[in-house]
Amino acid sequence: MFRPLYTLPLAVLVLAAVPCLLPAQNAPRAVPVEDDERPVPKAIPVGPGETRPAQPARPRGPDEDLFEYATLAYDRGEWSMASQSFGQYLQTYPSGRHVPASLFRIGECYMKLDQLKVAETYYEEVVNRYPNSEGAPSAAYRLGAMRFNARDFDQSARLFALCESKSALPQVRLAASFNKARAYQMLGDTKRQSAALNAVLAVKTDNPYREATLLSLGTLYLAEDKKAEALPLFTELLQSSKDNAIVSEAAVKAAVLQAELGRPEEAVPLFERALKLPETSAANRGIALVGVVQALFAKGDYDGVINNYNANAGVLPEGDTRPKMLLMVGNAFRMKKSYARAVETYLMVEQGSAGTEAAFEAGYWKLYCFYLLDDKDLAEFATAFITKNADSHADHELLNLARLIRADHYFNRQKHADAAASFAEVKMEKLPAKLQPGTLFNKAWALAEAGRAQDAILAFTQFINENRGHELTARALARRGLAYREAKDTLNAMTDFKKVAEEHPNSEAAELAYLQMGLIASEQRDFKATIAAFDLLVKKFPRSPAAAQAWFGIGRAYYSLQQWDDAVKALTKAVDTDRKTYLDQASQMIIQAQYVQQNVEALGKAIDDYRRANAGGNIPPNVLTWLGLTYYNQKNYPRAAQYLAIAATPDAPENTDPRVWSYLGMAFLETRDYESSVKSTDHFLKVTPDGAPKARGLLTKGRALLGLGKFDEAEAVVQEGLAFAKDGKPQALLLILQGDILMALGDKLATSGQGAAAGSKYTAAAGKFMIPAQFFDDDEITPESLDKAAVALEKSGQAAKAGEFRKLLKDKYPSYSR
């Protein structure tokens with residue numbers, strides 16, 4: 001005996017037509033109409049217990065009696081007896097009018113007895129020999145199901161089509177159409193499957209297959225990328241179905257469609273609806289989660305992505321979908337600048353899906369996060385990533401971007417040699433178009449900063465030629481100009497700088513261009529061009545870091561042109577702008593400019609300003625000497641002493657011009673700084689032989705000693721001078737000094753009450769004054785001697801003689817006054 005053939009209810013059969021609900025390893029099965037759980041009208045002959053249609057009066061006879069007996073057993077479910085009786089009918093009446101019905105009923109009996117192979121032969125007899133009989137549609141349906149379950153889908157489709165075309169009952173035709181569609185599906189004949197499903201959908205009422213058909217046809221359209229046709233089918237299911245399993249499936253697929261159509265606002269609620277249904281399969285739950293994440297990510301709701309991931313971490317999809325979804329979550333963390341969390345998520349992808357494209361992509365984005373975090377070890381991470389994937393992803397865009405990240409890392413840390421080497425590995429043509437200009441520019445810059453001038457020139461030239469009008473063009477020209485300068489190609493350098501100045505006069509690069517144009521002109525001693533270039537720099541960029549340098553260049557150029565006033569103004573601006581750098585250089589030139597012009601007051605101010613800023617600053621001794629002597633001659637003795645003291649070198653007096661010591665001693669004498677006067681004069685006397693200059697020095701020293709009250713030392717100095725100054729003005733001045741010493745001694749004695757001794761000193765002083773007064777004719781010395789002699793005579797009690805000297809003074813020098 002044959003075992004019963006295992007069959008599924010038709011509802012299960014219908015749903016099995018939907019690929020997403022059908023396990024791949026289980027073959028779908030078709031079933032007869034009578035086994036359907038729903039009340040479906042059957043093709044004749046009818047089953048037991050059902051009301052038969054009214055029959056016309058039939059003839060009586062033994063054949064009719066035998067058929068009626070067999071039918072009675074069939075209706076009572078006595079399948080063995082019924083099959084034997086129908087068989088007897090066939091043997092007895094092979095041409096009887098009930099042969100087709102008997103054949104079909106025998107097949108049905110064997111079906112009930114689970115002898116499927118036997119039943120199949122009888123169904124085939126009905127279909128092949130009696131295709132127009134009333135039982136042929138039902139037999140064809142039975143055979144269609146058997147062929148389907150035997151995976152003979154071509155024959156199954158043919159038999160269901162036969163049933164559909166022959167049956168007079170709408171529900172039978174509907175069932176045949178639906179199962180025919182399933183057979184076409186298994187054959188991969190989507191065109192005929194679609195036509196069959198549309199035929200089922202054409203039945204608007206009393207259609208138990210409608211929901212399954214909507215789902216199946218929608219799935220078919222979805223696979224064929226017919227979004228506009230598929231979406232209404234899923235939408236109808238969502239609006240009408242009470243079956244949560246179908247609703248779940250429709251929601252997921254409708255959501256996928258909405259997401260693909262760029263409608264995240266419609267997609268997300270559908271995915272979320274599926275996630276809330278307990279009937280949603282694990283696979284669809286994973287798809288829904290991915291869909292939500294993907295839709296939220298597409299509309300930029302990164303918080304939503306992260307929140308949904310955290311809320312549904314327990315239902316993450318398996319297989320290839322899982323790393324892809326985690327990749328989106330990592331990207332959401334990255335977009336939220338939560339780089340540490342992003343790195344963690346990318347690591348999950350790398351470790352959980354090693355060797356996959358998702359792991360490769362995650363590895364890149366992890367590297368990118370380290371780049372954004374400015375990780376100090378980024379270069380090592382990048383090198384490891386590049387090395388690991390060099391063979392498997394040699395031409396991949398992300399591998400190229402990893403090389404760029406490494407190059408930028410070095411570039412940002414000003415490791416220009418390493419940056420230049422890394423940029424050389426970047427395949428420029430593989431970069432996104434928007435990154436190519438900036439990358440080429442940075443590459444050229446790194447080469448220039450690394451000292452590879454010729455390579456930098458080539459790279460900047462490529463950038464300029466390939467990116468006409470780019471915002472970095474001015475900077476590229478300026479930096480290429482510097483590279484030309486480093487390569488000693490001044491002509492091309494000046495060409496680039498002039499182009500920047502002419503075509504980009506207000507750019508930041510113009511600042512550099514004007515500076516370099518000025519420097520080149522200065523090197524070429526084209527002073528007017530130097531001034532013109534630097535003048536543009538300070539006017540257009542007054543706060544430029546190079547402004548002080550420009551002012552100094554202008555001042556130096558004017559200095560070379562001997563335009564002293566303009567030179568001083570510019571050099572003063574240089575000092576005011578950058579005192580630390582230009583104080584010494586500019587001040588020296590300012591001092592020289594004022595010296596050349598013999599501008600005494602301006603020169604003194606320049607020296608004073610310089611020394612206030614730099615007390616140890618070096619000033620040419622000849623300038624200081626000239627200024628000091630000039631002030632001395634103007635009888636401005638404090639100023640004379642100030643500048644001559646600066647010119648002097650007391651620690652190495654022999655290095656100082658003797659004139660400086662001489663006039664410094666005299667200046668100190670005039671300012672009553674007697675100690676300093678003595679010291680300065682001594683330096684002079686040490687290097688000065690006997691003669692008028694030495695006599696003048698001794699006179700200075702003697703008067704200084706007199707000022708200090710050192711009368712004996714002063715007298716000794718006078719005696720030293722008189723020893724070689726036997727006549728002339730030096731002798732006269734020494735005698736006057738000797739008289740002044742005696743007068744001072746007399747005043748001291750008189751003050752102490754020694755009148756007689758004082759009178760003696762006054763008389764002796766008068767004698768000293770009388771010698772130059774009577775024997776030396778000089779417009780200054782003679783009247784002074786006469787006046788001093790009269791005073792000495794008066795103090796010594798010789799009034800009459802003193803009167804004679806006063807009369808002589810008045811007669812001979814009427815304009816004299818002390």
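**Exercise 1. Cysteines**

Task: find how many disulfides the structure holds, and where the nearest cysteine sulfur to Cys163 lies.

Solution. The structure holds zero disulfides, a disulfide being a pair of cysteine sulfur atoms within 2.5 Å. Take Cys163 next. Cys163 is in no disulfide, and the nearest cysteine sulfur belongs to Cys109, 20 Å away. Now check burial. Cys163 counts as buried because its relative accessibility is 0%; buried means under 20% relative accessible area, exposed over 50%, and partly exposed in between, with a 1.4 Å probe and protein chains only. Cys369 is buried too, with a relative accessible area of 0%.

Ground rules for this and the exercises below: the model is predicted, local features need pLDDT of at least 70, side-chain atom pairs count only at pLDDT 80 or more, and totals for chains, interfaces and linings use all residues. Residues are numbered from 1 along each chain as its sequence is written, and side-chain values use heavy atoms, with hydrogens and water left out.

**Exercise 2. Helix α16**

Task: state how many residues of α16 are buried, and which helices they pack against.

Solution. Start with the span. Helix α16 covers residues 321-335; helices are DSSP runs of H or I with at least four residues, strands are runs of E with at least two, and both are numbered from the N terminus. Its 15 residues reach 21 Å from first C-alpha to last, close to the 21 Å expected at 1.5 Å a residue. That expected span is 1.5 Å times one less than the number of residues.

Next, burial. Eleven of the 15 residues of α16 are buried, so the helix is largely enclosed by the rest of the structure. Among them are Met325, Phe333 and Arg334.

Then packing. The buried residues of α16 pack against α14 (282-298), α15 (302-311), α17 (339-352) and α18 (357-372). Finally, look just past the helix end. Lys337 takes a positive phi of about 65° there.

**Exercise 3. The nonpolar cores**

Task: identify which residues touch the most other members of the largest nonpolar core.

Solution. A nonpolar core is a set of buried Ala, Val, Leu, Ile, Met, Phe, Trp, Tyr and Cys residues joined through side-chain atoms within 4.5 Å. The largest one has 134 residues, and Met325 and Tyr364 touch the most other members. The largest share of this core, nine residues, comes from α20.

Follow Met325 outward. Leaving out residues up to four places away in sequence, Met325 touches Leu289, Val290, Val293, Tyr309, Leu316 and Pro317; contact means heavy atoms within 4.5 Å. A second, separate core has 59 residues, including Ile619, Tyr637, Phe668 and Leu685.

**Exercise 4. Two residues in helices**

Task: for His409 and then Gly218, give the helix, the burial and the contacts.

Solution. His409 lies in helix α20, residues 397-412. His409 is buried at 4% relative accessibility. Beyond four places in sequence, His409 touches Tyr371, Asp375, Lys376, Leu378 and Ala379.

Gly218 sits in helix α10, residues 210-223. Gly218 is buried, at 0% relative accessible area. Outside its neighbours within four places, Gly218 contacts Thr213, Ala230, Leu233 and Phe234. As for distance, the C-alpha atoms of Gly218 and Ala695 are 129 Å apart, with their positions 477 residues apart along the chain.

**Exercise 5. Aromatic rings**

Task: count the aromatic pairs, then classify Tyr514 with Phe541 and Tyr632 with Tyr663.

Solution. The whole structure has 28 aromatic pairs. Rings of Phe, Tyr and Trp (its six-membered ring) pair if their centres lie within 6.5 Å; planes under 30 degrees apart are stacked, over 60 edge-to-face, and the rest tilted. Tyr514 and Phe541 are tilted: 6.5 Å centre to centre, 45° between the planes. Tyr514 is in helix α26 (508-523) and Phe541 in the loop between α27 (527-540) and α28 (547-560), so the pair ties together parts 27 residues apart in sequence. Tyr514 is buried at 2%, and Phe541 is buried at 14%.

Tyr632 and Tyr663 are edge-to-face: 5.2 Å centre to centre, 85° between the planes. This pair links helix α32 (621-633) to helix α34 (658-670), with the two residues 31 apart. Tyr632 is buried at 14%, whereas Tyr663 is partly exposed at 23%.
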